[in-house]
Amino acid sequence: MVECINRDDEQIRFIQITDPHLFKETTGELLGINTYNSFRQVVNEIRQSGTDYQFVLATGDLVQDSSEDGYLNFCHIIHPLRKPVYWIPGNHDFQPVMQKVFAQQSYIHADKHLLLEDKWQVLLLDSQVYGVPHGELSQYQLDWLDEKLQEYQERYSLIVLHHHLLSTNSSWLDQHNLRNAHELLHILQKYENVRGILHGHIHQQVDAQWNGYQLMCTPATGVQFKPDNNVFTLDTLQPAWREITLMPDGAIETQVHRIQQAEFLPNMHELGY
């Protein structure tokens, strides 16, 4: 558990980055995009934006090839932000290596329960089912979530995970969703303090409602998937990050920012990965 109390206005502002899909080699490409360069460009533009924020959430699929060097590349790129980084795994991540590398970095933290100011908590869930693309929350994860929502009912809550809950209207992608979203919903509906759900995984922007909860998905820092397509389809939209502000009255203000100073285009002839 981490407590953060360091702003006079009680607003909590942070950055979400997701799905870099880095490789051992800095020349590695995913679907025609050099993911090292695209992620580095996102971080550079975050730095240049002048945004005042407290920490970074990295919401999975940080490395594509399970390599130690891939995670070291993540550390190398993210370090210039000079902010605490909290992380969750995605379906492509190899947690033994991930944990080993991140434990050696003083600014990257494994904490999954963040108590922020007097009003908010952020709960980071592990939805990985190792070796398969879809997600599922284990009974341990569900019980832990239930426990924290019960214990801190006086705090507004933001739930963070990797996999998606809401249909993308793309059958090829929706088969890789969170398989037990109904069990998650059953727990959330027991409490009145849940204000939003944040995830990655689908490489596209979503700002919507899911069963009355504010639902946010952030585009990848590399290749983008085009929504509303039943067959695998790439998009030419640019890499992005999300800025989120948790307000003291329980509101969530958020904006997605796409890079402006470079252009990364995928190989549109790719049929999958």
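This passage describes helix packing, nonpolar cores and selected loop residues in a predicted model.

Two helix pairs were examined. Helix 1 spans residues 35-49, and helix 2 spans residues 68-78. Their axes come within 9 Å and cross at roughly 25°. Angles under 35 degrees count as roughly parallel, and helix 1 and helix 2 are therefore roughly parallel to each other. The crossing of this pair is right-handed. On the side of helix 1, the residues in contact are Tyr36, Phe39, Arg40 and Val43. They meet Asn73, Phe74, His76, Ile77 and Ile78 of helix 2. Sorted by class, this contact holds six nonpolar, two polar and one charged residues.

The second pair consists of helix 4 (residues 139-151) and helix 6 (residues 181-188). The axes of helix 4 and helix 6 lie 10 Å apart, and the packing angle is about 15°. That angle makes helix 4 roughly parallel to helix 6. Here, too, the crossing is right-handed. Helix 4 contributes Gln139, Leu142, Leu145, Asp146 and Leu149 to the contact. Helix 6 contributes Glu183, Leu184, Ile187 and Leu188. By class, the residues of this contact are six nonpolar, one polar and two charged.

The nonpolar cores were considered next. The largest nonpolar core has 65 residues. Within this core, Ile17, Phe74, Ile78, Phe102 and Leu188 touch the most other members. Another core, of 18 residues, lies apart from it. Among the members of that other core are Ile12, Phe55, Leu124 and Leu246. Several names from the helix contacts return in the largest core. Phe74 and Ile78 belong to the helix 2 side of the first helix contact, and Leu188 belongs to the helix 6 side of the second.

Ile78 shows how such a core residue is surrounded. Residues up to four places away in sequence are not counted here. Ile78 then touches Ile17, Phe39, Val43, Val56, Val85 and Tyr107. Of these, Phe39 and Val43 are in helix 1. Ile17 is also one of the residues that touch the most other members of the largest core.

Ser106 offers a contrast in exposure. Ser106 sits in the loop between helix 3 (95-102) and strand 7 (108-109). With a relative accessible area of 68%, Ser106 is exposed. Ser106 and Ile78 are 28 residues apart along the chain, and their C-alpha atoms are separated by 12 Å.

Other loop residues are buried. The loop between strand 11 (194-199) and strand 12 (206-210) includes Gln204. His203 lies in this loop as well. Gln204 counts as buried, at 5% relative accessibility. His203 is also buried, at 0%. Outside its neighbours within four places in sequence, Gln204 is in contact with Thr168, Leu173, Cys217, Thr218, Pro219, Gln224, Phe225, Lys226 and Pro227. Ala220 is 16 residues from Gln204 in sequence, and their C-alpha atoms are 6.8 Å apart in space.

Backbone angles were also examined. Most residues other than glycine have a negative phi. His203 has a positive phi, near 55°. The phi of His21 is positive as well, near 55°. His21 is placed in the loop between strand 2 (12-17) and strand 3 (29-30). At 0% relative accessibility, His21 counts as buried.

How values were computed. Residues are numbered from 1 along each chain as its sequence is written. This is a predicted model: local features need pLDDT of at least 70, side-chain atom pairs count only at pLDDT 80 or more; totals for chains, interfaces and linings use all residues. Side-chain values use heavy atoms; hydrogens and water are left out. Axes are lines fitted to C-alpha atoms, for helices over the stretch in contact, and angles run from 0 to 180 degrees between N-to-C directions. Helices (H or I, at least four residues) and strands (E, at least two) are DSSP runs, numbered from the N terminus. Angles under 35 degrees count as roughly parallel, over 145 as roughly antiparallel, 65 to 115 as roughly perpendicular and the rest as oblique. A crossing is left-handed if the near helix is turned anticlockwise from the far one by less than a right angle, and right-handed if clockwise. Contact means heavy atoms within 4.5 Å. Ala, Val, Leu, Ile, Met, Phe, Trp, Tyr, Cys and Pro count as nonpolar, Asp, Glu, Lys and Arg as charged, and the others, Gly among them, as polar. A nonpolar core is a set of buried Ala, Val, Leu, Ile, Met, Phe, Trp, Tyr and Cys residues joined through side-chain atoms within 4.5 Å. Buried means under 20% relative accessible area, exposed over 50%, partly exposed in between (1.4 Å probe, protein chains only).
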